[in-house]
Amino acid sequence: MKNGSAYVSMRDITKIFGTVKATDNMNLDVTKGEIHALLGENGAGKSTLMNMLSGIYIPDSGHIFIDNKENRFTSPRDAIKAGVGMIHQHFKLVEVLTALDNILLGYNVGLFVNKRIQKEQINKIMEKFQLDVDLDKYVFDMSVGEKQTLEILKTLYRGARILILDEPTAVLTPQETVKLFKIMRRMKNQDCSVIFISHKMNEVMEIADRVTVLRKGRTIDTLIKENSNPQELTELMVGRPVDLSIKRIDKLTDKVVFKVRNLRADNEEKVEVLKGINFEMYQGEILGVAGIAGSGQKELCEALAGLYPIKEGEISFKGEDLAGKNPKEFITRGISMSFIPEDRLGMGLVANMDMVDNILLKQYHKSKGFLVKRKPAAEKAKEIIQKLDVITPGVHHPIKNLSGGNIQKVLLGRELDSHPELLITAYPVRGLDINTCLKIYDILNEEKKKGVSILYIAEDLDSLLGLCDRIMVISNGEVTGIVDARKATKEQLGLMMLGNKEVDNAD
């Protein structure tokens, strides 16, 4: 079946992985010159559907029409020939090459490449879409926003007229997001079609023309943005009414329990990545950490958890000196700390193991003998499933086969089971749908009520402003300020993330 008005038409698309029907007769129509948002919970089928449109997966059944012509893509190269390009969350760039070399890499421009001619063609595309890329700059010297613009330019150079953006603002500052939205609008004005996958409702409401909502592998509805609102869209995503407000509860006391003084650390290349970090945390407070990707957040949380070597500085919790100690020493000294790392399936959980084995790993680390019992771990896994609404076929199902949101809930459940007094969380809601995010915010607030001090590192400024008591901003390994989350603005945080220190300090 063709759709005469649609530039992209996906009809009755089904894709099955093993026993899971990832997409179930899905339909999507996108017109020329529109920004079309795809909304849905984790596991709703958004990425699977777009991976079929971009040639990464082949549908088991269904039809894909581009400009009224049916296509069957067996590779991303086929999709690019038809004008479809996808920008993934993790950029596919070679760090040690220049922007120009990345654009030309792997593209069929003949045996001998005349870089001058290619450069002229690329400059024409940049002028047409008002893109700003230094073609001679090496990728390792670029910011996240520059890398993303390069990915878009690379895709346009290959002839894309349909651009798929998968969670493109996840690692951008507010200022970089504004630039990206300008690029998207210019593409729309040039009659390109932009498909925008996002979990950030405010961005969907700002940039999209129409929104298609997916739920559990099915297409639920397509709406004109102006005729809808976040509440309606969320209810369509989840299938029931949802309270969208992020709740902040007051911190319990003004008792300082955690202190960091002059914390310094080098990376493997002996470059200083933490440059004299100072801050305190109160009992029962959520202290947020904001910063552009790569500003030192990862090294900070790993250093506090005893997993990253420090050069100098003081880390003390309730008077106990933690500097230079490892997690095993924390346990032997009775220090109750839990760490939710950025890399869920690298540092956090073992992907090939099931829930029971992942819980046993934590228990074994704490046990004094060689034997740990499986039955209590299985019971604990069932408790976590029930308490955190983990969707899994069972406690013995491999972790790697769960959706991102469910993996995160398993990790949170396991770490909170040790009843920590200090919780360090690195990007706990990254890439998760709004319903799962709200669930995790509630979990963190419950811990806060118990008097747990929580360090909450996040990219989403809305969650930082709504959930935290204070927000510490890091830029290039330094603290540019600590502000009251009730009074701070996104613009203020964005400037501080770029290194501006001229901000009132909340300490």
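This report describes a helix, a strand and its partners, some salt bridges, the cysteines and one further residue in a predicted model.

## Helix α15

Helix α15 covers residues 434–449, which makes 16 residues. At 1.5 Å a residue, a helix of this length should span 22 Å. The C-alpha atoms at its two ends are 23 Å apart, so the model agrees with the expected value. After the helix comes G451, which has a positive phi, near 95°.

Twelve of the 16 residues of α15 are buried, so the helix is largely enclosed by the rest of the structure. The buried residues include I434, N435, T436, C437 and L438 in the early part of α15. Further along, I440, Y441, I443, L444, N445, E447 and K448 are also buried. An α-helix has 3.6 residues a turn, so residues three or four places apart point the same way. The buried set in α15 contains charged residues such as E447 and K448 as well as residues such as I440 and L444. K448 returns below, in the section on salt bridges.

## Strand β19 and its neighbours

Strand β19 runs from residue 470 to residue 475, and six of its six residues are buried. In a regular strand the side chains alternate between the two faces of the sheet. In β19, R470, M472 and I474 lie on one side, while I471, V473 and S475 lie on the other. Both of these faces are covered.

Which strands pair with β19, and in which direction do they run? Strand β13, residues 286–290, is parallel to β19 and is joined to it by four bridges. Within this pairing, L287 has R470 of β19 as its bridge partner. Strand β20, residues 478–484, is antiparallel to β19, and six bridges join the two. Here M472 is partnered with I482 in β20. β19 and β20 form a hairpin, with two residues between the strands. One residue in the turn, N476, has a positive phi of about 50°.

## Salt bridges

Side chains of opposite charge can pair when their charged atoms come close. The structure holds 33 such salt bridges. Three of them are described here.

K251 and D254 form a salt bridge through their side chains, with an N to O distance of 3.1 Å. K251 is partly exposed, at 28% relative accessible area, whereas D254 is exposed, at 62%.

K318 and E421 form another salt bridge, and their closest N and O atoms are 2.4 Å apart. K318 sits in the loop between β14 and β15, and E421 in the loop between α14 and β17, so the pair ties together parts that are 103 residues apart in sequence. Both partners are partly exposed: K318 has a relative accessible area of 45%, and E421 has one of 30%.

The third salt bridge joins D469 to K448, with the closest N and O atoms 3.0 Å apart. This pair links distant parts of the chain, because D469 lies in the loop between α16 and β19 while K448 belongs to helix α15, 21 residues apart. Are these two residues buried or exposed? D469 is buried, at 5% relative accessibility, and K448 is buried too, at 0%. Salt bridges with shared partners join D469 and K448 with D250 and R486 into one network.

## Cysteines

A disulfide is a covalent bond between the sulfur atoms of two cysteines. How many disulfides does the model contain? The count is zero, by a rule that asks for two cysteine sulfur atoms within 2.5 Å. For C301, the closest cysteine sulfur is that of C468, 15 Å away, which is too far for a bond. C301 is buried, with a relative accessible area of 2%. C192 is also buried, at 0% relative accessibility.

## Residue V256

V256 belongs to strand β11, which covers residues 256–266. Its relative accessible area is 32%, so V256 counts as partly exposed. Leaving aside residues up to four places away in sequence, V256 touches E280, M281 and Y282.

How far apart are V256 and K46 in sequence and in space? In sequence the two are 210 residues apart, and in space their C-alpha atoms are separated by 44 Å.

Conventions: Residues numbered from 1 in each chain as written. Predicted model: local features only at pLDDT ≥ 70, side-chain atom pairs only at ≥ 80, totals over all residues. Heavy atoms only, no water. Expected span 1.5 Å × (residues − 1). Buried < 20%, exposed > 50% of the residue type's maximum accessible area, 1.4 Å probe, protein only. Pairing = 2+ DSSP bridges. Salt bridge = Lys/Arg side-chain N within 4 Å of Asp/Glu carboxyl O. Contact = heavy atoms within 4.5 Å.
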